[in-house]
Amino acid sequence: MKKISFCRDCLSDLDENDITRCKFCRSPRVICHQELDKLSIAHIDCDSFFAAVEKKDNPELANLPVIVGGTKRGVVSTCCYIARSYGIKSAMPIFQAKKLCPNAIYLTPRHERYRSVSKELRHFLEKLTPEIEFISIDEGYLNLRGTDKLHGMTPAKAIAKIILEIEKRIGITVSIGLSYNKTLAKIASTQSKPRGFSIIGKNDSDEFLANLSVGKISGIGEKLSKKLNSVGIFTLGDILKKNQKELFANFGDTMIFLYSLLEKKNTTSFGIETARKSISTEKTFLESMKKHRDMKKFLWAASLKISDTAKDLGVCGKTIHLKLKKDNFKTLNRSLTLNSATQLTSEIYSAALTLLEKDISKAPFRLIGLGLENFELNNGFHTLNNLFSDHSKKLEDATDSIRKKYGGDSIFPGIVINDQ
């Protein structure tokens, strides 16, 4: 089958033999694949997003190792590719990162700024298709089926074109994965970061899929991966060596999903059922937190952050999860399921306080985390948790507008700073 190719920088169509360098602009960024005109499911992933935004806002950081994270007792949230060359990676403790790269620039996360840039990113991607499913602030899926006539070019070239525009207008880089379903598109986007564009087609995925580690498949978490490993399933191809009946009995829907990948079925559906399953935030404190008042202030800020993300994603959650870690590293996990789903800061905060009260006597805590789970789509707005929910919604809309105009710290409830 003849391969199709084009240049990612000047977007010129190229001959099958022009696979190393564009004959028009001499760019080495040439995309070549025999199914290039047939694939339409894309996954985009911003490269070191938080660090990239910091470098965009401060060009003096461009050639320096930049690490975005918490305090001495916190962890690395994001690090640039220069920092990664020192062996630093996400979730690494800050103290360990400083040993590896003491001269790096360590920055506190600016989540409001990152959300603002994320909204700019979405604005550009919405030019391609209305079917976009963001699974975090800096990555998401695009269904580009049927957009050829609209854009006058293949989905592959259309997304390459919009990414060039994003780099020029926003100042961040993005890696792309293109395939025939979401799972493989996500895997592809990790293959050649940064500024990558990788493709997994139906005609070349047999060997790739058979040797694919189950731990790298989106939706297969660490616990499930270990469970699969315990029965001798380390790669996708291993399931063909096992008793199918026993696998379905032990793993149910998971095995249906894995077999559908091997059989090259289109497992793609766009919607909340395949999006992220939770929104959470946590912080390790420089000094363990003892005062109830300080915990309340942190939980309000965490509730606000989670609420903002839920509103951006258009989801509501029914379950609030609280995580508390003591000085002896013992972790307490508590959850509360509401009568109906919410995305309101006030309702998330109220549930968080209820959970905190159960364990306040066990303070101090070196880490506190808060999460929203058990999602539903936000069709209009769902919240029936109290008689004043409509009033709460209007009030929160008003405070959101004030924060958007005057900054995140411009308004907050007095109850957050009052002692109990």
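Trainee: In this predicted model, in which sense do strand 1 and strand 3 pair, and over how many bridges?

Mentor: Strand 1, which covers residues 4-7, pairs with strand 3 in the antiparallel sense, and four bridges join them. For one such bridge, look at Phe6, whose partner in strand 3 is Ile31. These strands belong to an open sheet of three strands, ordered 2-1-3, with antiparallel pairing. Its edge strands are strand 2 (13-14) and strand 3 (30-33), each of which pairs on one side only.

Trainee: Which strands make up the open sheet of five, and which of them stand at the edges?

Mentor: The order across that sheet is 8-9-4-10-11, and the pairing is mixed. Strand 8 (132-136) and strand 11 (197-199) each have a single partner strand, so one side of each is left without a neighbour in the sheet. Averaged over the sheet and with direction ignored, neighbouring strands are turned by 15° against each other. Within it, strand 4 (residues 41-46) and strand 9 (residues 139-143) form an antiparallel pair over five bridges, and there Ile44 stands opposite Gly140 of strand 9.

Trainee: Strand 10 is in that sheet as well; is Val174 buried or exposed?

Mentor: Val174 lies in strand 10, which spans residues 174-179, and Val174 is buried, because its relative accessible area is 0% and the cut-off for burial is under 20%. Leaving out residues up to four places away in sequence, Val174 touches a set of residues that includes Arg8, Ile44, Asp45, Cys46, Ile163 and Gly196. With Asp45 the separation is 129 residues in sequence, whereas the C-alpha atoms are 5.6 Å apart in space. For the protein chain as a whole, among contacts between residues at least 6 apart in sequence, 64% join residues at least 24 apart.

Trainee: How should I read strand 5, and which strands does strand 5 pair with?

Mentor: Follow the side chains and then the partners. From strand 5 (residues 66-69), Val66 and Val68 point one way while Ile67 and Gly69 point the other way, and all of these residues are buried. Strand 5 runs parallel to strand 7 (residues 105-107), to which three bridges join it, and the bridge partner of Val68 there is Leu107. With strand 6 (residues 76-79) the pairing is antiparallel, again over three bridges, and Ile67 has Cys79 as its bridge partner in strand 6.

Trainee: How many disulfides does a search of the whole structure find?

Mentor: As a general idea, a disulfide is a covalent bond between the sulfur atoms of two cysteines. In this structure the search finds zero disulfides. The cysteines can still be read by their accessibility: Cys32 is partly exposed, because its relative accessible area of 24% is not under the 20% cut-off, whereas Cys46 counts as buried at 3%.

Trainee: Which residues touch the most other members of the largest nonpolar core?

Mentor: In soluble globular proteins, nonpolar side chains tend to be buried together. Here the largest nonpolar core has 101 residues, and the members touching the most others are Ile159, Phe197, Leu299 and Ile368. Helix 12 (residues 292-313) gives the largest share of this core, nine residues. Setting aside neighbours within four places in sequence, Leu299 has contacts with Leu322, Tyr349, Ala352, Leu353, Leu356, Ile368 and Leu370. Over the full protein chain of 420 residues, 46% count as buried.

Trainee: At roughly what angle do the axes of helix 4 and helix 12 cross?

Mentor: Two packed helices are described by the angle between their axes and the distance between the axes. The axes of helix 4 (residues 111-125) and helix 12 cross at roughly 5° and come within 12 Å, and the two helices are therefore roughly parallel to each other. His111, Arg115, Lys119 and Arg122 of helix 4 make the contact with Lys305, Asp308, Asp312 and Leu313 of helix 12.

Trainee: How many residues of helix 11 are buried, and what covers them?

Mentor: Helix 11 (residues 253-262) is mostly covered, with seven of its ten residues buried, among them Thr254, Met255, Leu258 and Tyr259. The cover includes helix 7 (182-189), helix 8 (206-210), helix 9 (222-230) and helix 10 (244-251). Just after helix 11, Lys264 takes a positive phi of about 60°.

Definitions and conventions: Residues are numbered from 1 along each chain as its sequence is written. This is a predicted model: local features need pLDDT of at least 70, side-chain atom pairs count only at pLDDT 80 or more; totals for chains, interfaces and linings use all residues. Side-chain values use heavy atoms; hydrogens and water are left out. Two strands pair if DSSP finds at least two bridges between them. Buried means under 20% relative accessible area, exposed over 50%, partly exposed in between (1.4 Å probe, protein chains only). Contact means heavy atoms within 4.5 Å. A disulfide is a pair of cysteine sulfur atoms within 2.5 Å. A nonpolar core is a set of buried Ala, Val, Leu, Ile, Met, Phe, Trp, Tyr and Cys residues joined through side-chain atoms within 4.5 Å. Axes are lines fitted to C-alpha atoms, for helices over the stretch in contact, and angles run from 0 to 180 degrees between N-to-C directions. Angles under 35 degrees count as roughly parallel, over 145 as roughly antiparallel, 65 to 115 as roughly perpendicular and the rest as oblique.
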